[in-house]
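The following exercises introduce a protein structure to a reader who has not met it before. Please study the sequence and the structure, then attempt each task before reading its solution.

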Amino acid sequence: MNASEFQRARSPEAKRLREASILEAARALGREQGIRSITLTDIAAAVGMHKSALLRYFETREEIFLLLTAEGWQEWSQALTARLRADPDPGPAGVAQAFAATLAARGLFCDLLAHAPLNLERNVSLDVVRDFKLATLAARGPIVAAVRELLPALDEQHVGDLIATAVALAGALWQIATPPAEVAALYRSDPRLAHAVVEVEPRLARILTATITGMAERRAEPCA
């Protein structure tokens with residue numbers, strides 16, 4: 001569909017379908033290009049509408065990507081908790097690996113995680129921010145429960161800190177691990193730059209293993 005063929009959605013169901021098509025277009029563009037440079041005009045063109053028409057459905061590009069971030073939280077929560085519960089006794093290293101593997105497998109989600117606090121939450125209405133925060137809170141609940149079943153030495157605050165650490169690191173590491181192609185080639189061409197070549201999953205797993213182990217040991221220390 002091109003912009004001249006676009007027709008405004010008239011019914012609530014048509015509006016819902018049009019919003020879903022806009023989100024899917026943004027999701028596809030994000031996977032292909034990364035979200036940093038994608039504009040409302042790009043998303044509108046992918047759907048086959050003018051930017052002015054798209055603004056009837058979403059106020060800003062940040063609102064679109066924040067909604068995708070909330071969806072990513074829910075999907076990741078389900079995948080992570082399923083993996084954790086599939087192994088009844090993984091220990092700190094197993095829990096860390098589950099976090100690392102499920103995050104590293106979701107490149108777009110990692111990209112969104114990096115941008116959410118930097119800019120996606122800053123050009124939207126307060127209602128949109130509230131809905132996003134409530135969605136992430138709901139997604140965290142099952143993760144907290146699953147981790148505490150496996151690692152009872154960790155209390156709810158510890159697991160909350162673990163989740164916050166995991167998503168912050170995943171977002172940052174994914175940005176480092178996916179530089180422009182010419183920069184990636186530079187890193188691999190010069191042995192002195194080998195430290196700049198980052199693999200998200202193993203590094204994240206190592207850091208989270210140390211984090212969980214430290215939390216558990218600190219929790220187990222007797223009170224003075």
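Three exercises with worked solutions follow; the model is a predicted one.

**Exercise 1.** Determine how many helices and strands the protein chain contains.

*Solution.* Begin with the count: the secondary structure of the chain comprises 10 helices and zero strands. Next, read along the sequence, where the pattern is α-α-α-α-α-α-α-α-α-α. Finally, consider the extent of the C-alpha trace, which spans about 70 × 50 × 30 Å along its principal axes.

**Exercise 2.** Establish whether Trp73 is buried or exposed, and state which residues it contacts.

*Solution.* First locate the residue: Trp73 lies in helix 4, which covers residues 61–86. Then compare its accessibility with the cut-off. Buried means under 20% relative accessible area; Trp73 has 4% relative accessibility and therefore counts as buried. Lastly, list its partners. With neighbours within four places in sequence set aside, Trp73 is in contact with Phe109, Leu113, Phe132, Thr136, Ala139, Arg140, Ile163 and Val167.

**Exercise 3.** Identify which residues have the most contacts inside the largest nonpolar core.

*Solution.* Start with the core itself: the largest nonpolar core has 65 residues. Within this core, Phe99 and Val147 have the most contacts. Now examine Val147. Apart from neighbours within four places in sequence, Val147 contacts Leu84, Val95, Phe99, Leu154, Val159 and Leu162. To place this in the context of the whole chain, note that 42% of its 224 residues count as buried. Of the chain's contacts with a separation of 6 or more, 69% join residues 24 or more positions apart.

Note on methods
Residues are numbered from 1 along each chain as its sequence is written. This is a predicted model: local features need pLDDT of at least 70, side-chain atom pairs count only at pLDDT 80 or more; totals for chains, interfaces and linings use all residues. Side-chain values use heavy atoms; hydrogens and water are left out. A nonpolar core is a set of buried Ala, Val, Leu, Ile, Met, Phe, Trp, Tyr and Cys residues joined through side-chain atoms within 4.5 Å. Buried means under 20% relative accessible area, exposed over 50%, partly exposed in between (1.4 Å probe, protein chains only). Contact means heavy atoms within 4.5 Å. Helices (H or I, at least four residues) and strands (E, at least two) are DSSP runs, numbered from the N terminus.
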